[in-house]
Amino acid sequence: MSPFNKVEFKETKLREDFMKGSRVKGFYQLSVEERVNLIAKDVGLTHDEVNILSNGMSLDLADAMVENVIGQISIPLGVAANFKVNGKDVFIPMATEEPSVIAAASNAARAAYDLGGIYTATSGTIMRGQIQVLDICDPYAARARVYENKEEIIEQCNLKDPTLVSLGGGVKDIEVHLINTVKETMLVIHLIVDTKDAMGANAVNTMAEYVSPFIEKMTGGRVVLRIITNLADKRVVRARGVFSSEMLGGEEIVKNIVSAFEFADADPYRAATHNKGVMNGITSVVLATGNDTRAVEAGAHAYASRTGRYRSLTTWELNKEGNLVGTLEVPMAVGIIGGATKTHPVAQVALKIMGVKTAEELAGMIAAVGLTENAASLRALSAEGIQTGHMRLHAKNLAIMAGAKGDLIEKVVQKAIEEKDFRYDRILEITNSLK
Ligand code: MEV
């Protein structure tokens with residue numbers, strides 16, 4: 001039976017007492033069926049779409065997507081509640097195997113909600129393709145020749161993707177870089193391509209390959225690599241949010257959060273973990289929407305090093321009222337029209353749940369989660385530490401493994417917490433004794 005039909009909320013109660021936009025009282029306490037039902041009603045999912053959420057993709061589709069398929073590995077898909085992004089309430093799907101990540105984002109989002117939620121801005125949808133030219137005897141003159149032929153290079157590239165061009169995209173400009181390596185001065189041409197609602201790797205790589213013979217002719221060199229760069233520094237998303245100091249636990253905790261940011265910004269060892277926390281949020285949404293998690297991760301970490309030192313992707317400070325203000329700035333090469341974003345049925349449902357109509361809107365949602373996830377990690381680290389929350393979820397998983405079901409799960413978890421004993425053997429004993 002589809003979960004869609006199973007639970008009937010009374011519409012007025014749902015709206016007035018239980019649910020206000022993306023804020024749902026005790027969302028985490030609902031059953032999976034109740035949550036699905038609620039989201040389905042809120043965003044208008046069809047029965048088929050609801051079924052896709054539990055069934056995932058077919059093996060045939062998996063076989064068509066990659067090679068040597070023998071099965072699939074499932075990752076839990078949750079939704080973060082309490083998000084308001086650019087003034088609009090939204091449920092944000094997150095796919096992750098890590099406990100606490102979705103709960104943490106939802107909790108911190110609550111602290112920003114009444115202060116306006118998260119605001120985002122994007123720099124556009126421009127990607128760069130790189131063409132590496134070797135064995136040039138006159139690199140400076142070759143660079144000049146490439147610039148002289150700029151219009152023709154652009155024209156040739158754009159011939160390869162008339163659809164993108166008809167949508168206002170395509171190659172807009174070029175840059176020519178001279179890169180001094182151990183052996184020689186390489187000429188590296190950047191195609192500056194507006195990929196619109198596509199992530200753009202296919203379009204950019206096709207253009208780079210196509211135009212290369214022409215580049216060889218004008219430079220007298222030998223083209224080898226022709227590939228997009230994941231350092232998408234012309235496709236940056238920015239997020240900003242004010243988080244209530246009171247809801248985060250008070251003055252001391254928010255001051256600790258600010259110094260946690262200062263620590264990360266000054267020390268790459270801490271920055272790596274700090275940014276890992278940001279990526280817990282970002283990657284979960286990127287994955288849920290069928291986008292390329294590795295491309296986004298590579299871009300984020302390269303961008304974090306853009307000053308020559310690996311630093312925090314976020315900033316945290318206190319405003320006049322003593323509330324915590326965070327910003328995030330990160331490249332976000334995601335699309336909504338190509339590859340798995342289009343073919344993976346769950347990705348399509350995830351995009352529908354968010355209601356995004358453009359790649360830039362999706363980038364904004366992802367950044368909102370990245371910033372909020374970071375707020376949640378830093379809050380826990382600055383207060384009780386992260387283990388309390390983790391151990392609760394760990395105990396829950398162990399209780400389920402031990403055979404606990406329904407209400408019994410919470411009872412087992414409570415007992416394990418009281419005893420501060422999270423060994424599987426003990427949880428099995430508790431489960432059996434409470435059964
Ligand atoms: C764990 O997945 C993420 C954190 O380590 C992030 C951080 O330290 O800021 C909690």
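# Exercises on internal space and domain contacts

The structure, a predicted model, holds one cavity of 30 Å³ or more. The exercises below begin there and move outward to the domains, a pocket and a salt bridge.

## Exercise 1. The cavity

Determine the volume of the largest cavity, the residues that line it and the elements that supply them.

*Solution.* Step 1: the volume of the largest cavity comes to about 50 Å³.

Step 2: its lining consists of Thr122, Gly124, Thr125, Arg235, Val236, Val237, Met332, Val334, Ala359, Glu360 and Ala363.

Step 3: sort these residues by character. Six are nonpolar, three polar and two charged.

Step 4: assign the lining to secondary structure. At least two residues each come from strand 10 (236-243) and helix 17 (359-382). Helix 17 gives the largest share, with three residues.

## Exercise 2. Domain 1 against domain 2

State the domain bounds, then describe the contact between domain 1 and domain 2 and the area buried there.

*Solution.* Step 1: the domain assignment divides the protein chain into domain 1 (56-122 + 237-383), domain 2 (126-228) and domain 3 (389-434).

Step 2: a distance of 32 Å separates the C-alpha centres of domain 1 and domain 2.

Step 3: count the contacts, taken as heavy atoms within 4.5 Å. Nine residues of domain 1 meet five residues of domain 2.

Step 4: consider the area. The two domains bury about 510 Å² between them, and carbon and sulfur atoms carry 69% of it. On the domain 1 side, Ala333, Ile337 and Ala359 lose the most area to domain 2, together 58% of what that side buries. Ala359 also belongs to the lining of the largest cavity.

Step 5: check for ionic pairs. The count of salt bridges between domain 1 and domain 2 is zero.

## Exercise 3. The second largest pocket

Explain where the second largest pocket lies with respect to domain 1 and domain 2, and characterise its lining.

*Solution.* Step 1: the second largest pocket encloses about 1400 Å³ of space. It is lined by 46 residues, of which Met65, Gly290, Asn291, Ala340 and His344 are the closest to its centre.

Step 2: the lining divides into 24 nonpolar, 17 polar and five charged residues.

Step 3: among the helices that each supply at least two lining residues are helix 5 (59-65), helix 10 (201-219) and helix 13 (268-288). The largest share, four residues, is that of helix 4.

Step 4: because both domain 1 (56-122 + 237-383) and domain 2 (126-228) give residues to the lining, the second largest pocket lies between them.

## Exercise 4. A salt bridge across the sequence

Of the 20 salt bridges in the structure, take Arg23 with Asp114 and establish which parts the pair ties together.

*Solution.* Step 1: the closest N and O atoms of Arg23 and Asp114 are 3.4 Å apart, and the cut-off for a salt bridge is 4 Å.

Step 2: Arg23 lies in strand 2 (residues 23-24), whereas Asp114 lies in the loop between helix 6 (101-113) and strand 5 (118-122).

Step 3: the pair therefore ties together parts that are 91 residues apart in sequence.

Key: Residues numbered from 1 in each chain as written. Predicted model: local features only at pLDDT ≥ 70, side-chain atom pairs only at ≥ 80, totals over all residues. Heavy atoms only, no water. 1 Å grid on protein atoms, 1.4 Å probe; cavity = no way out; pocket = protein on both sides within 12 Å on 5 of 7 lines; lining within 4 Å. Points joined across faces, edges and corners; volume = space filled by probe spheres on them. Nonpolar A, V, L, I, M, F, W, Y, C, P; charged D, E, K, R; others polar. Domains from an automatic or database assignment. Buried area = accessible area lost by both parts, 1.4 Å probe. Salt bridge = Lys/Arg side-chain N within 4 Å of Asp/Glu carboxyl O.
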